Every structure is written in structure tokens, then in C-alpha cells.
Amino acid sequence: MTLDLETQIDQPEQAVPELVKPSRTPSLPKVISDKITDDGGTYDTNVKHLLQPGNENDLCTWLKDMRLIRSSMNCPTEGCNEKPLLWRTVRQVDKYGWTCNDCKKRQALRDGSIFQQTKCDLKHCIQMIVAWCMDIPYETVASYLDTKQHFVRKVYEILTQVTEQYVEAHSNEWLLGGTGPNGNILIVDEFPTGCMTENLIDVPKTKKRNNQNHTVLCIAEVSQVPPRMWMRILGTKSEKTLKTQEILKQYGMVEEALNEIGTHSAPGSILIANRRARYCNYENVKELKGFKVIGIEELQIHDPPEKNELSFNLETIWQTGLGICEDIQSLAQDNAVRDLHEYLWRRRFAKTTAQAFNSILQHITEFYQFSSDSVSSS
Ligand SMILES: [Zn+2]
């Protein structure tokens, strides 16, 4: 049996991820970093011990239960009539894989999963996911795990893609406003032309302001700090959308801003707009039906300089959103959208590392679905 497996391993027919070269001291267990933790969440309590040497099969069982890897697979070889492949130990870093008893075809356990594109072993991948949830810089994670930085960067990139796709596919879930005290009051503004940059005294003046590439529409609830927010870079409707919907070819920035506000504000909300913004200014926003719109300038009349409550509140509200707006200015459009989406995802799903870990695993399965248990023979 062992011999049989070894001969199969030498067959080059099946793409096996190009994995990290075994450490020079293979007898030592792979690093499980104590610095990577989700503070008593699912990772600490259910997953971490699966990363111990010898628990590889249990780790795979957990990955299958979480639908992060396939839980069954059929043989893609024509003559095998989709015969189920067998789960077996293999002489690879993953230690397990799928094998056909008849044609000896092998499939990697990562096939079609989020791990297919990564170049490091599963135990490291899991730790990198937690580290991403903790928002640790990839360089630091690489040193914690004693691995190459570009391995971590790749995993981070994939996770960011998942958040980007999630926000794009579920943008309608970001519905602001509603009932409760002040719950229905929303502030709409835009960066960099609106009011949100006006009162901020602690923004470092050293930050270059001459490279403003992206106009960001921001909607924030005033009822809590940090506020719930929705943000969108205006003028980034994808080419694909434009092609399929002729009417959108004429899609103006004002229409886009108003459409975003209408989509992400609960009906009946009170919108506070200003007159400085280029697109979502008071004059434009008050055209929106179903909302009461107040100009910020009118509110400021009731906010004497000695009190300055409104300015203070606005400053507090925008404190969180302003950083990301500044950060994405110098990026190319795709990267700016990507970073903004990750930011929105983290604000909603990463209030704690434990929440982030559970959420990202769930969202990974949404975008890495195994449509069928069989694989194509391509
Ligand atoms: Zn077969």
C-alpha cells in the first residue's frame, strides 16, 4: 500500500501546489505562533490545537466541515464514470489528498479551494487568516511564522478579494438610518470637496493634498460613535455594468451620488447635507424623494461658536472615515475600490478578531463554492 502511494506521488500529471521547501530541521514542529490569537474565539478554542503535528487529518475534517475544502470528489477520468475518489495519506505537505482506486488519478485536497492559490502549508494559511483578522502587517506575520513575506501577502490579497466581492455583492445590506433617538439622522458628505475635511484640526498637514484622485461619497449615522457608514468612490461604475446597461452610459456623478444615498438610507431618514460638496450637496440632495433634507449651514446658525457642538460632533463622526479617504487617494482606481471595500468590511465584521475570523470563513465559502463534487479533467 505504501509503495503504491509512493509511486502515485511521483506521477507529475496532477498539479500539486508548489510548496515551501521543507525546513532544514523537519523533525521540529511547524511554528504555531502564540502571538496569533482571536482572543478566545473559534480559532483559539477549536482550531489552534488542530495545527499541532499529528492532527493533520482532524484539521482536514474541520476544513471539510467548514466547507473550506471539498468533502468529496469524483474521478474526472472518463472511463471511471465519476467514481468517488478516496481520501488518503499522500507524501506531500498537506499529507492527505484524493486518489482514484482504478486509474490512480490524484487530486490535491486544495482543488478549487481558497488554498489552491497559496504557496504555503495549510497550518500557516490558517494562522495567516487569523493574523489578517487581527490586522497585523504581513511583514510581522512572516517573522512570527518564520516564512517568506510574499506567502503572507498572497493570503492577505486573497482575503481582501473576498471582502471586496462580499461588499460588492451585499452592498444593499449597508442600510443606514432607522428608528430610535437620532437613529434616523444621517450626514451625507464627500471627500475631498465637502465639509468633512473642514473642521479637522488633527489631520497632519504634512499629508500631500495635491494628489486627490478619488471623490468619495460618505454617509454616516449620527447616533453612535464610531458611526455606521457607507462609502463609495464616485465614477467607478464598472465597464461591465456600463456595457450591459446602455442607460448607465449617461450615468452622471450627481445621479450616482443620489442613487447611492437613496439606496443606503432607510426611508424617512433625515439627511444633513452641505453646500460645499460638488455632487451630494444640499441643492442636489433635496431633490431626493422620501427624505427630509436639512442644510448643515442652517444647523450651524443654532450652533454658536462658544458651544461649537455641531462642529465637534462632525469632527468626531468623520474621524474614522477620513483616514481611509486620505489613504486611497494616491491609488489606482481598482486598488482604491478594493481598499475601501475591505475597510467597510472590517468596520462591519471585524469589531473583534473572533468576529472577523468567523465572518471571513463564512464569506470565503460564498466565493469558493464547490459547484459539484466532481472536478473537470482540464
Ligand atoms: Zn479514476
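**Exercise 1.** What is the order of the 5 strands in the open sheet?

*Solution.* The structure is a predicted model. Step one: read the strands across the sheet, which gives β6-β5-β4-β7-β8. Step two: note the pairing, which is mixed. Step three: find the edge strands. These are β6 and β8 (292-295), each of which pairs on one side only. Step four: consider the twist. Neighbouring strands of this sheet are turned against each other by 20 degrees on average, with direction ignored.

**Exercise 2.** Do β7 and β8 run parallel or antiparallel, and how many bridges join them?

*Solution.* Strand β7 covers residues 270-273. It is joined to β8 by 4 bridges, and the two strands run parallel. For one pair of residues, take Ile 272: its bridge partner in β8 is Ile 294.

**Exercise 3.** What should helix α11 span, and why does the model agree?

*Solution.* Helix α11 consists of 20 residues, 309-328. At 1.5 Å a residue, the expected span is 28 Å. The C-alpha atoms at the ends of α11 are 30 Å apart, so the two values agree. The helix also has a bend of about 50 degrees at Gln 319.

**Exercise 4.** Where does α11 lie relative to the strands, and which of its residues are buried?

*Solution.* First, place the helix: α11 lies across β4, β5 and β6, and runs at about 155 degrees to β5. Next, list its buried residues: Leu 314, Ile 317, Trp 318, Gly 321, Leu 322, Ile 324, Cys 325 and Ile 328. Last, identify what covers them. The cover includes the strands β4 (185-191), β5 (216-221) and β6 (229-233), and also α12 (333-349).

Technical notes. Residues are numbered from 1 along each chain as its sequence is written. This is a predicted model: local features need pLDDT of at least 70, side-chain atom pairs count only at pLDDT 80 or more; totals for chains, interfaces and linings use all residues. The expected span of a helix is 1.5 Å times one less than its number of residues. The bend at a residue is the angle between axes fitted to the seven residues ending there and the seven starting there. A residue is buried if 20 or more other C-beta atoms lie within 10 Å of its own, exposed if 12 or fewer, and partly exposed in between; C-beta atoms are placed from the backbone. Two residues are in contact if their C-beta atoms, placed from the backbone, lie within 7 Å. Two strands pair if DSSP finds at least two bridges between them. Axes are lines fitted to C-alpha atoms, for helices over the stretch in contact, and angles run from 0 to 180 degrees between N-to-C directions.
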